[in-house]
Structures are given as C-alpha cells and as structure tokens.
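This report describes side-chain interactions and burial in one protein model. It begins with charged pairs and proceeds to aromatic rings, a helix face and two individual residues.

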Amino acid sequence: MVEQSDRAPLLDWEEVPPPEPVPTAPSPQEENDLPSCPSNSRPVDNTTPGAGWNTSPGAPTGVAAVTSKDLSSPVKHGGEGDAASPGERDTAFPGLSVKDHAVTGWEEKDQIVAVFVVTFDTRSGNMVEWCLPQDINLDGVEFKSMASGSHRIANDFIYFRKGSYFGLACFANMPVESELERGARMKSVGILSPSYTLLYRYMHFLENQVRHQLKCPGQYSPLEAFYEDKKAILPPAGNGLVTSCPTSALATVVNRCMHPEMKITHPAGCMSQFIRFFGEQIMVLWKFALLRKRILIFSPPPVGVVCYRVYCCCCLANVSIPGIGVSVPELRPFFYINVADITALETELSYVACTTEKIFEEKKDLYDVYIDNQNVRTHRESLQPLLRLNSADKEKYRKLSEQRQLLLYSQEVDENCSTNEEDLFILFFMEQNNRIFQTLCEVAGSSDPTLTAEHVRAMGLDPQGDRGFLVDLLEVYGIDVMLVIDNPCCP
C-alpha cells in the first residue's frame with residue numbers, strides 16, 4: 001500500500017461532467033503580475049517527442065508546462081456536500097480551476113491521445129479490455145500499466161513510456177467471491193499523452209475510475225466523456241512532439257515557473273523523501289546522472305513512489321548554460337519498464353528507469369548503474385571509483401541539508417512559502433552543475449586551457465577524489481582542456 005505522503009495531490013473530479021461551462025480569462029492585472037518562465041539550454045530533439053524538458057531558442061512554443069499552483073499549492077479535497085469554488089465552476093470538471101492554471105502567457109493544452117482499461121484474465125493474463133480510440137496501438141501497455149507482482153498489493157499508480165508517448169495508469173485489486181476470477185479482480189485505468197508534465201492532473205480521476213471498473217465492469221461512459229473532452233489535436237506530421245516551456249531569458253532567481261516541465265507531479269515531500277532515502281548517496285547518483293549513464297532502479301511493487309525516484313534522478317543533471325549538453329545523450333526518463341522494453345533499451349545511450357522484474361539484474365549490457373533499495377552499484381570497472389564518497393561530496397551534502405533546514409525553519413516560523421523543497425533541490429544541483437561547466441568553458445576559452453587544482457576546488461570538487469569524474473566529464477561533453485592534477489604520490 002502506498003502511503004499518502006507518496007501520492008500526488010488529488011483533484012476532485014466528478015464522474016459525470018456538469019453542464020457546459022462559461023469560460024473566463026485572467027484579468028489584465030493578473031496577467032501582468034505573472035512571472036516569466038526561463039528555459040533550459042538543451043535543444044528540442046525532434047526524434048524524441050514529448051521527452052520532458054527539451055527546450056531551446058527557436059523551439060516551438062505552442063505548448064507550455066504546468067503552473068506553480070498545479071505543483072505546489074495544497075489541493076483541497078471537498079466532500080460530497082462541499083460547494084465548488086468559482087474557479088472550479090469555470091471548468092468542465094470540478095476540482096480543476098482556471099485560475100490555478102494561469103501561466104505566463106502560455107499554457108499546456110490537454111494532450112490525451114488514448115484512454116484504456118487493462119484487466120487481468122485468469123486464462124489470458126493481462127489484456128486490454130477497452131480503449132479509445134479503438135485503432136490506437138497499445139501493444140505492451142497491458143504489462144506496463146499492471147506491474148509484475150501487483151497481485152500482492154491493493155493499489156498503485158505507474159508512470160511509463162509507450163513509444164513517443166508517456167502514460168499514467170492507476171491499478172487496483174479487489175477481492176471477489178468468484179471462482180472464475182480466483183478470488184481477486186484486478187484492473188488498471190490509464191491514459192497516454194505526448195508529455196508527462198500534466199498527467200498528474202488526472203490521477204484522482206483514474207483512481208476513481210479503476211474503482212468504478214472493479215465494482216461495475218463494462219461501464220465506460222465516464223471514460224468516453226473524458227476522452228472526448230481531453231483528446232489531443234496533434235500536429236499534422238503526427239510525430240507527437242510537445243514542447244514544455246517557451247523560450248525566454250533565464251531569470252536570476254528561482255520561481256515556481258522554473259523548469260516546471262521537470263515536475264511530473266508534486267507529491268508532498270517527494271524530494272525530501274528522495275534525500276532521506278538515499279542520504280549522501282545522492283552525490284553518487286548526481287555524478288552518474290551528469291555523466292548520462294544508464295540508471296536502472298529495482299524495487300518490488302508498489303512502483304509509484306519509485307517512479308518519483310526516476311524523476312528525482314533526472315533533476316540532478318539539469319544545466320541552464322546555453323550550449324552545454326548539445327552533443328551529449330539526453331537523460332531520458334523511461335519510468336517503469338518490463339521485459340517487453342528490452343529491445344528498446346538496447347539502443348538507449350542514456351536513461352533512468354525502474355522495474356519490478358529481477359531478471360534485469362542479469363542483463364548487464366542494458367545498464368551502467370543498478371540500484372537495489374539503497375544499494376547503488378555498477379559492474380563497470382571504470383565507474384567503480386565514483387561509488388566512493390570524497391570530502392567534497394560530503395561537504396555538498398552538508399550544504400544541501402543545511403539549506404533544507406533553513407527553508408523548513410523559514411516556512412515554520414515566518415510562514416514563508418515562496419520557495420519549496422522542490423525548487424531548492426533543483427536549484428541546488430543546477431547551480432552546482434552551472435558552476436562546473438562555467439569554469440570548464442572559461443578555462444577552455446582562455447589562452448592557457450589548463451585545469452588546475454584551484455579550478456577544481458572552485459567548482460566544488462575534490463582535486464584528487466574527483467579526478468576520474470572530471471576526466472569522464474570532459475570526454476562526455478567534449479570540452480577541450482588539459483587536466484594537470486597529479487595523482488597522490490605513492491610511498
């Protein structure tokens with residue numbers, strides 16, 4: 001059972017939409033008060049539609065990302081007798097407020113390309129029971145949306161990839177008095193979209209629907225109405241490309257709009273749980289993420305919270321300096337994977353994924369880093385030294401912990417909620433990455449492109465302990481500098 005603290009905030013959607021709404025727009029004053037959104041320096045990869053946080057100058061800006069209130073404002077859960085707020089009455093589904101989704105002159109549109117129901121049949125196994133549109137290719141979704149081992153738990157949620165699309169499915173397992181169903185009825189209700197940034201909006205709706213399907217199998221009218229209301233209008237090219245954030249100058253301060261496309265959801269304490277779970281090992285994961293290694297996380301069900309760890313790992317590698325990372329593989333979030341993804345993973349140069357299937361541990365050609373619970377390991381000899389924490393790693397973790405404590409104190413004493421842990425976490429590693437690449441670029445562009453121990457310390461790294469990491473980093477990113485840090489003398 002997934003604890004509430006691991007879950008996304010629930011949006012109170014009714015099963016039947018109310019009468020046609022009267023749309024409203026933010027006032028001119030509200031629009032003027034909204035902050036601008038910075039963009040990432042990575043270019044859009046036209047071959048990987050919907051891959052999260054790809055934006056750059058010249059990129060399409062027709063679709064944007066989730067807003068600050070979507071991600072950080074607490075969501076009120078109304079009971080049956082609660083009245084909807086004015087903002088809620090302005091939308092087709094209660095719980096979804098127009099004002100909550102106001103953004104800086106841009107807004108990501110609903111892009112639902114499919115809705116489906118997966119069931120477990122005692123004779124046929126996992127199978128797609130129903131879907132819209134009926135002609136969409138859902139091969140493999142029946143296994144992605146119902147993780148291996150799910151029969152041992154009551155409910156779960158799963159993020160996954162299907163080709164160029166991302167999916168979110170909610171699973172539930174209900175005991176039944178039926179010999180044909182062997183005492184248990186298991187189903188998942190899910191959706192597909194070219195982008196994972198807004199999937200969390202529909203978490204509560206999917207949870208309600210999977211319970212509805214367990215109790216009243218075959219009643220699909222709410223799902224049909226949902227699809228008609230939210231179905232995507234994709235570009236004529238049909239490549240499903242959805243950009244996440246329009247271009248603008250990088251702001252000097254972090255705000256709620258910073259890299260919202262990286263926030264697949266905003267469960268209470270998602271980042272703090274990630275930090276507590278891995279502790280100082282975060283610094284090891286940070287180096288592997290920055291080096292664009294293939295990272296695979298194993299965990300038994302439930303996998304919802306593990307999908308959050310995939311997301312958090314991707315946050316470690318963010319860089320906002322223009323031009324950095326153009327030539328390196330993108331760190332792609334695959335979220336939940338199973339044996340059906342083996343062929344796709346064979347060609348991936350960089351990814352972060354999670355699985356419940358132990359067989360992947362034996363497939364060492366598919367990953368560089370394997371994480372089992374809190375045990376981070378690699379079978380690649382060249383990466384073994386990166387598993388050891390050095391003094392600079394411990395100092396960075398100390399600073400991160402100190403900043404978290406100051407933030408929590410500020411929120412408790414001053415009731416200052418202008419910044420949250422997610423912003424702090426993302427900004428901490430972004431600043432660290434920017435400092436490294438800024439120094440490397442300055443040295444590479446100087447008349448003497450020699451990287452000294454002083455440069456390395458200025459980057460927040462250990463001249464001796466991080467030597468191998470720096471050598472790999474220079475090679476991966478193609479930065480031409482000479483590293484003259486000597487190895488420690490041996491007696």
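The side chains of E228 and K231 form a salt bridge with an N to O distance of 3.2 Å, where a salt bridge denotes a side-chain nitrogen of Lys or Arg within 4 Å of a carboxyl oxygen of Asp or Glu. K231 is partly exposed, at 37% relative accessibility; buried means under 20% relative accessible area, exposed over 50% and partly exposed in between, with a 1.4 Å probe and protein chains only. The model is predicted: local features need pLDDT of at least 70 and side-chain atom pairs count only at pLDDT 80 or more, while totals for chains, interfaces and linings use all residues. Residues are numbered from 1 along each chain as its sequence is written, and side-chain values use heavy atoms, with hydrogens and water left out.

**Salt bridges**

The structure holds 16 salt bridges, among them the three pairs tabulated here.

| Pair | Closest N to O distance |
|---|---|
| E228 and K231 | 3.2 Å |
| R332 and E348 | 2.9 Å |
| E361 and K358 | 3.5 Å |

The salt bridge of R332 with E348 has its closest N and O atoms 2.9 Å apart. This pair links distant parts of the chain, 16 residues apart: R332 belongs to strand β7 (residues 332-336), and E348 to the loop between α10 (342-345) and β8 (351-355). Helices (H or I, at least four residues) and strands (E, at least two) are DSSP runs, numbered from the N terminus. R332 is buried, with a relative accessible area of 12%, and E348 is buried at 13%. In the pair of E361 and K358, E361 is partly exposed at 25% relative accessibility, and K358 is partly exposed at 38%. Furthermore, a network of salt bridges links K287, D393, K396 and D466.

**Aromatic rings**

Rings of Phe, Tyr and Trp (its six-membered ring) pair if their centres lie within 6.5 Å; planes under 30 degrees apart count as stacked, over 60 as edge-to-face and the rest as tilted. By this rule there are 19 aromatic pairs. One of them joins W286 and F469 in a tilted arrangement, 5.8 Å centre to centre with 50° between the planes. Because W286 lies in helix α8 (residues 282-290) and F469 in helix α14 (residues 467-477), the pair ties together parts that are 183 residues apart in sequence. W286 is buried at 0% relative accessibility, and F469 is likewise buried at 0%. The pair of Y367 and Y370 is also tilted, because the ring centres are 5.2 Å apart and the planes meet at 40°. Y367 and Y370 are both buried.

One aromatic cluster comprises F274, F277, F278, W286, F425, F428, F429 and F469. Within this group, F277 has the charged end of R309 over its ring, 3.8 Å from the ring centre. A charge sits over a ring if NZ of Lys or CZ of Arg is within 6 Å of the ring centre and within 35 degrees of the ring normal. The charged end of R161 is placed over the ring of F334, at 4.7 Å from the centre.

**The buried face of helix α6**

In helix α6 (residues 221-230), the buried residues are P222, L223, F226, Y227 and K230. Seen down the axis of α6, they fall within an arc of 135°, so they line one face of the helix; the arc is that of the directions from the helix axis to the C-beta atoms. An α-helix has 3.6 residues a turn, so residues three or four places apart point the same way. The cover over the buried residues of α6 includes β1 (114-121), β2 (125-132), β5 (184-193) and α5 (203-215), with contact meaning heavy atoms within 4.5 Å.

**Two individual residues**

N173 lies in strand β4 (residues 165-175) and is buried, with a relative accessible area of 17%. Its side chain reaches the backbone oxygen of I153 at 3.3 Å. Not counting residues up to four places away in sequence, N173 touches S150, H151, I153, A154, A184, R185, M186 and L214.

K394, in helix α11 (residues 391-413), is partly exposed, with a relative accessible area of 44%. Under the same exclusion of residues up to four places away, K394 touches E280 and L389. K394 and E280 are 114 residues apart in sequence and 6.8 Å apart in space, C-alpha to C-alpha.

Key: A polar contact is a pair of N or O atoms within 3.5 Å; within protein, one must be able to donate a hydrogen and the other to accept it, and residues adjacent in sequence count only if both atoms are side-chain atoms.
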